[in-house]
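Colleague: Could you take me through one part of this model in detail, the way two of its helices pack together, and then follow the chain outwards from there? I'd like the cut-offs behind your terms as well.

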Amino acid sequence: MLARLASPRTGGMLALAAVIALLPLVLSNKYFYDIAVLVGLNAIVCIGLNLLIGYAGQISLGHAGFFGLGAYGSAILASRYGWPPLAAMLATTFAVAALAFVVGRPILRLKGHYLAMATLGLGVIIFMVITTEDKFTGGPDGIAVVPFRIGGFVVQGERIWYWVVGALLLVAVWLALNLIESPAGRALRALHSSEIGAEVVGINAANHKVMVFVISAVFASVAGSLAAHYSGFVTPGKVTFLHSIELVTMVVFGGMASTFGAVVGAAVLTTLPQLLAVFEDYEMMVFGAVMMGTMIFLPRGVVPSLARLLQTRRQRASADGEEEGA
Amino acid sequence: MSAQFMQYLLTGLTVGAIYALVALGFSIIFNASHVINFAQGEFVMIGGMATVSLTGSGLPYMLAIPLAIVAAALVGLALEKFAVEPARGASVVTLIIITIGASIFLRGLAMVVWDKRLHALKPFTGDTPIAIAGAAILPQSLWVLGVTLAIVLALSWFFGRTLLGKAMLATSHNRLAAQLVGINVRMVLFLSFGLSAALGAVAGILIAPITLTSYDVGVMLGLKGFAAAILGGLGSGIGAVIGGLALGIAETMSAGYLSSAYKDAIAFVIILAVLFFMPSGLFGKRGGERV
């Protein structure tokens, strides 16, 4: 029982649920709730992106594109054409999944820097379509989005959104953890270490890579749809190359191949710009320096580095204990 | 050949020459270290902006340009020493994030040191267009093409005839073997950043009189230079030049004949199309993965 609780799956989920449940005790005003909601939405994107980067060993420098497609799809269908928000979100998600499926196969044949270039290009193209097709998207000015409603219930206000996003975050973590432990997840990790090796033991590497690419795009798209309804407005600012980079940095900062690391990375890097606002003109410099510094000194990311530290300490403690016993 | 076509071709060659210089910078660093330096575009910005501020303080071009190139090269060397060298052996993603962090840092620094406005440099030799086959070309475009050609020739001499150039080439082929024959591979890596930064700065200075410069010109130029390097095949010098020129011409042609709103997107559409059919670019090494 105790061993089960201490496992990252059950224990981690419980710990995260506890944090989400207890956090409102210290969130003293709307502004803090707002940041918490943004952290949750980014965390959902990062959990999906981490499946792609951390577990399958691929890279995407264009995920802000999928986030943006989700946001604009929901915004256009719900606000311009009056679709019910839930239907708009589901239709957008399917469309994004279909797009990711179609472009996934040729893109994921590429490796390393070529893959980085292709995903970057995809993201830039999506950004340019969104800023240019201003008849639908409002161009650089963006468009207003109606509130999210299901039947007669309107999801509005930071506090209600907090619980909605918190619940969805737990669902996202649960899905990711289950996927990783499933045969498909083991196949992903196998092709991370060696694609040819994985194929030799009968894993269809191409299919698995496309699958995880589609899943990560769906996570980003859903988070984008929710973000659009939550803030009531979308602009191309969240679809930029820089935002794609921020998302990748969150994943790597938290620690690759660690679902909870992705959540921690999203939390730290979403809050950081709020704190850096005190530097005013120097904000950009400090942000760049933090990015470089953490990658140089903690290349494995925060959560795996801490986990390793704890583990060596525990081993040392048990080794000491054995010596005393002998 | 219509005059309009000629006009697009000349404009495309000028822009393409700039992409080629940036792409060469990417390739030189990639060869020495297998790092893709996403801060390459910032060297272009530093070259242009430093020249603007040096000439603004009264220096003539003869002094301002070399000083700006040296300044960019020093920034490049510092980047290698303080950001890339300490992270040696890190994964591709980590190195990408480090260099992007560096580019954000440099952009922030430029915003503080200089300003956020657009600046124009005076053309080197007047701005009376010259007529060629019914098309008009700016004297500055001739400067761009001429200097790019001179640099390409100088680089091929450097890599083919000098000891240092050969050492850099040897390191790119096989790092360990280069080390065994006594090449200081760390020095090669260090110098490659300085050389790339200088190339980027030259590109930034050459193009500033035509397209204006500001603290954030490096983003798009950097991405397009990267696209050009990938198009030609990473690490190939000829590939970088041809990739840059091809990208510049294709971009201008499609902006002229198809849609100018999507001018910036075209480079990325081309690169995706090429990568779908030729996953190693036009001149890249077609190596298999080893288990």
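Modeller: Happy to! Helix 2 of chain B and helix 8 of chain B are oblique to each other, because their angle falls outside the other classes: under 35 degrees is roughly parallel, over 145 roughly antiparallel, 65 to 115 roughly perpendicular, and the rest oblique. Their axes cross at roughly 55° and come within 7 Å; each axis is a line fitted to C-alpha atoms over the stretch in contact, and angles run from 0 to 180 degrees between N-to-C directions. Helices here are DSSP runs (H or I, at least four residues), numbered from the N terminus.

Before going further, please keep in mind that this is a predicted model, in which local features need pLDDT of at least 70 and side-chain atom pairs count only at pLDDT 80 or more, while totals for chains, interfaces and linings use all residues. Residues are numbered from 1 along each chain as its sequence is written, and chains are lettered from A and ligands numbered from 1 in the order in which they are written.

Back to the pair: helix 2 and helix 8 of chain B cross in a right-handed sense, meaning that the near helix is turned clockwise from the far one by less than a right angle (anticlockwise would be left-handed). Helix 2 of chain B brings B:Q40, B:F43, B:V44, B:M45, B:I46, B:G47, B:G48, B:T51 and B:V52 to the contact, and helix 8 of chain B answers with B:S196, B:A197, B:G200, B:A201, B:V202, B:A203, B:G204, B:I205 and B:A208. Two residues are in contact if their C-beta atoms, placed from the backbone, lie within 7 Å. By class, these residues are eleven nonpolar, seven polar and no charged; Ala, Val, Leu, Ile, Met, Phe, Trp, Tyr, Cys and Pro count as nonpolar, Asp, Glu, Lys and Arg as charged, and the others, Gly among them, as polar.

Now for helix 8 of chain B itself. Its 27 residues reach 38 Å from the first C-alpha to the last, close to the expected 39 Å, where the expected span is 1.5 Å times one less than the number of residues. Of those 27 residues, 22 are buried, leaving the helix mostly covered. A residue is buried if 20 or more other C-beta atoms lie within 10 Å of its own, exposed if 12 or fewer, and partly exposed in between.

Just after helix 8, B:L212 takes a positive phi of about 70°. Most residues other than glycine have a negative phi. B:L212 sits in the loop that leads from helix 8 (185-211) to helix 9 (218-232) of chain B, and it counts as partly exposed because 15 C-beta neighbours fall inside 10 Å.

Following the chain onwards, helix 9 of chain B has 15 residues that should span 21 Å, and its end C-alpha atoms are indeed 21 Å apart. Helix 9 is mostly covered too, with 13 of its 15 residues buried. B:G233 comes after helix 9 and has a positive phi, near 105°.

Following the chain the other way from helix 2 of chain B, you meet B:H34 in the loop between helix 1 (3-33) and helix 2 (40-56). B:H34 has a positive phi of about 60° although it is not a glycine, and its 15 C-beta neighbours inside 10 Å make it partly exposed.

Chain B also packs against chain A, so to speak helix to helix: helix 12 (241-254) of chain A and helix 4 (92-113) of chain B meet at about 125°, with their axes 11 Å apart. That angle makes this pair oblique as well, but the crossing is left-handed. A:I245, A:V248, A:T249 and A:V252 meet B:V93, B:T94, B:I97 and B:I100 there, a set with six nonpolar, two polar and no charged residues.

Across the two chains, 37 residues of chain A touch 39 residues of chain B. On the chain A side, helix 6 (112-132), helix 10 (195-200), helix 12 and helix 14 (283-297) each give two or more residues. Helix 6 of chain A supplies the largest share, twelve residues. That side has 26 nonpolar, eight polar and three charged residues.
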